[in-house]
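Hello,

I am passing this structure on to you, since you have not worked with it before. Please open it alongside this message and have a look around.

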Amino acid sequence: NDKPSDADKEQFYQAAKWAAERGLTLTQHWHKDASLHHLLDVFERVNREIPIAPLRWSIAHLNDGSEASFARMKALGVGWAMQDAMFYDGERELKERGELALKRMPPMRTALRVGVVVGAGTDAHRVANYSPFVALRWMLDGKSAGGVPLRGPEETPSRMEALRMYTHGSAWLAHDDARRGTLELGKLADLAVLSKDYLSVPVDEISTIHALLTLVGGRAVYAVGAFAGLQEAR
């Protein structure tokens, strides 16, 4: 709701406060930075009564987020659930918003510079490809599904930054970064053996990466090719 009434904001405040009182994590979808202040006003109001940083609330989408908005989010401890919507929607947005706007959508480097925790994802499978490697390639080359260059280098992360958003960032949003998201002693050792090296293959090949072997709890739950014999019968 880009133009909420005071009554709308009061109702949302009551819902958000109810969640905070019960220690619940809240993720709110929001598309336009120009109206985000309405949401942040409510978050800040709740935060004055109940600190929300420990709850790891987040905002999803926000493809045109501004540095000022990210600074307010950082102050609240609110994360950003960033998805690859521009992979499919970018060319339509290009016609509506213009080339200059698309060069910074989504502004990943700005968010990282401000210090907001970014969790990368693919959004719902009915609107996006489920593969994280399609999303990772898009994060790095900024091209639409049709191959049109959209995002500029100023807002394009490095391979490690993109991977960190997809792993540690998303684990943080799920309150699970103590168990997974990074390779550290004491964390879960579930792993996948990939068909190509994400860190060294040409960027345009990243989207073709797939798992050859997946281990969960030390057990092979998926295996193909040379690893096919390792998968246990269920």
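Below are some notes on one helix and on a group of paired strands. Please keep in mind that this is a predicted model.

Let's begin with helix H3, which runs over residues 67-76. Which of its residues are buried? They are Ser69, Phe70, Met73 and Leu76. These four lie on the same side of H3, because they cover an arc of only 120° around the axis. If you turn to the other side of H3, you will find Ala68 and Ala75, which are exposed.

What do the buried residues of H3 pack against? Two of the elements are helices, H2 (36-49) and H6 (108-114), and strands S2 (58-61) and S3 (79-83) are there as well. Just after H3 comes Gly77, with a positive phi near 75°.

Now for the strands. Strand S5 covers residues 191-194 and strand S6 covers residues 211-216; the two pair in the antiparallel sense over 4 bridges. If you would like a pair to find on screen, Val193 has Leu213 in S6 as its bridge partner.

S6 also pairs with strand S7 (residues 219-223), again in the antiparallel sense and over 4 bridges. Here you can look for Thr214, whose bridge partner in S7 is Tyr222. How many residues lie between S6 and S7 in their hairpin? There are 2, and Gly217 in the turn has a positive phi of about 60°.

Enjoy exploring, and write back whenever you like.

Best wishes

Notes:
Residues numbered from 1 in each chain as written. Predicted model: local features only at pLDDT ≥ 70, side-chain atom pairs only at ≥ 80, totals over all residues. Heavy atoms only, no water. Buried < 20%, exposed > 50% of the residue type's maximum accessible area, 1.4 Å probe, protein only. Arc of directions from axis to C-beta. Contact = heavy atoms within 4.5 Å. Pairing = 2+ DSSP bridges.
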